[in-house]
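Please work through the following exercises with the sequence and the three-dimensional model at hand. Attempt each task before reading its solution.

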Amino acid sequence: KIFQEYDIDRVVHFAAESHVDRSIKNPEIFVQTNVIGTTVLLNAARNAWEQEDGTYKEGKKFLHVSTDEVYGSLEEDGTFFYETTPYSPHSPYSASKASSDMLVKAYIDTYKFPANITNCSNNYGPYQFPEKLIPLIINNVVHTKTRPALRSFSCFATSSILSPEEIISSMMTTSFPATESPRNSCATIGDRKSTRLNSSHV
């Protein structure tokens, strides 16, 4: 109904359950939101954009916002993630995001669906939700609490971090390119220039 009423040109699919520790406790919620939810959006966009001959209305694009956690952990030897890095998820969260990536890729291949995928680094900035690693540790230090016990694999992994402004700028470039990029293009945002953090050293 929303697609029909507003003739939507771009979908930027940010919506996700994203906290690793909560995915360990309640993995089914992450499957429901990240996998089933993505399927619902893909179908809604396809139904609104696909024409009778199987082509799509001009100027339509679905940007699926994913995570570099689908690749696993960065090595401490200075190597980076690339668009060609094999997927190696290690938590229910990253597995659910990898699954949603595969669904988008399948729609691109099967239906020639006009989509792009971004696999973004972690981000940190003002007003970040307090359950996330950096604000959680800062909050505990300010209130003289001990560092929290972190159970998840990724909490002891090396990650890269970008500011939200840098990530949004990259996403806008991917979603609204000067010239239309290939439908099946993917972009790993941040790992070649962002700050590296090993959370086991925090």
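The exercises below concern a predicted model, and each is followed by a worked solution.

**Exercise 1. Surroundings of Thr38**

Determine in which helix Thr38 is found, and decide whether Thr38 is buried or exposed.

Solution.
- Step 1. Locate the residue: Thr38 belongs to helix H3, which spans residues 27-49.
- Step 2. Consider accessibility. The relative accessibility of Thr38 is 1%. Buried means under 20% relative accessible area, so Thr38 counts as buried.
- Step 3. List the contacts. With neighbours within four places in sequence set aside, Thr38 is in contact with His13, Thr33, His64, Ser100 and Val104.
- Step 4. Examine the side chain, which reaches the backbone oxygen of Asn34 at 2.7 Å from Thr38.
- Step 5. Compare sequence with space: Ala16 and Thr38 are 22 residues apart in sequence, and their C-alpha atoms are 8.9 Å apart.

**Exercise 2. Salt bridges of Lys60**

State how many salt bridges the structure holds, and identify which residues are linked with Lys60 in a network of salt bridges.

Solution.
- Step 1. Begin with the total: the structure holds 4 salt bridges.
- Step 2. Take the pair of Lys60 and Asp7, whose side chains meet in a salt bridge at 3.2 Å, N to O. This pair links distant parts of the chain, 53 residues apart: Lys60 is in the loop between H3 and strand S2 (61-67), and Asp7 is in the loop between helix H1 (2-6) and strand S1 (10-13).
- Step 3. Take the pair of Lys60 and Asp9, whose side chains meet at 2.7 Å, N to O, in a salt bridge. Lys60 lies in the loop between H3 and S2 and Asp9 in the loop between H1 and S1, so this pair ties together parts that are 51 residues apart in sequence.
- Step 4. Combine the two pairs: Asp7, Asp9 and Lys60 are linked in a network of salt bridges.
- Step 5. Assign accessibility to each member. Lys60, with a relative accessible area of 6%, is buried. Asp7 is partly exposed at 47%, and Asp9 is partly exposed at 39%.

**Exercise 3. Another salt bridge**

Find which side chain meets that of Glu50 in a salt bridge, and classify the accessibility of Glu50.

Solution.
- Step 1. The partner is Arg46, and the N to O distance is 3.0 Å.
- Step 2. Glu50 has a relative accessible area of 27%, and therefore it is partly exposed.

**Exercise 4. The nonpolar cores**

Name the residues that touch the most other members of the largest nonpolar core, and state which element gives the most to this core.

Solution.
- Step 1. The largest nonpolar core has 14 residues, of which Trp49, Phe62 and Phe113 touch the most other members.
- Step 2. Two or more residues come from each of H3, helix H4 (92-111) and strand S3 (115-120). H3 gives the most, with 4 residues.
- Step 3. Inspect Phe62. Beyond residues up to four places away in sequence, Phe62 touches several residues, including Val11, Leu41, Trp49 and Phe113.
- Step 4. Turn to the second, separate core, which has 6 residues, among them Val65, Cys120, Leu162 and Met171.

**Exercise 5. Helix H5**

Identify which residues are buried in helix H5, and describe the phi of Thr144.

Solution.
- Step 1. In H5 (residues 133-142), the buried residues include Pro135, Ile137 and Asn140.
- Step 2. Thr144, just after H5, takes a positive phi of about 50°.

Note on methods:
Residues are numbered from 1 along each chain as its sequence is written. This is a predicted model: local features need pLDDT of at least 70, side-chain atom pairs count only at pLDDT 80 or more; totals for chains, interfaces and linings use all residues. Side-chain values use heavy atoms; hydrogens and water are left out. Buried means under 20% relative accessible area, exposed over 50%, partly exposed in between (1.4 Å probe, protein chains only). Contact means heavy atoms within 4.5 Å. A polar contact is a pair of N or O atoms within 3.5 Å; within protein, one must be able to donate a hydrogen and the other to accept it, and residues adjacent in sequence count only if both atoms are side-chain atoms. A nonpolar core is a set of buried Ala, Val, Leu, Ile, Met, Phe, Trp, Tyr and Cys residues joined through side-chain atoms within 4.5 Å.
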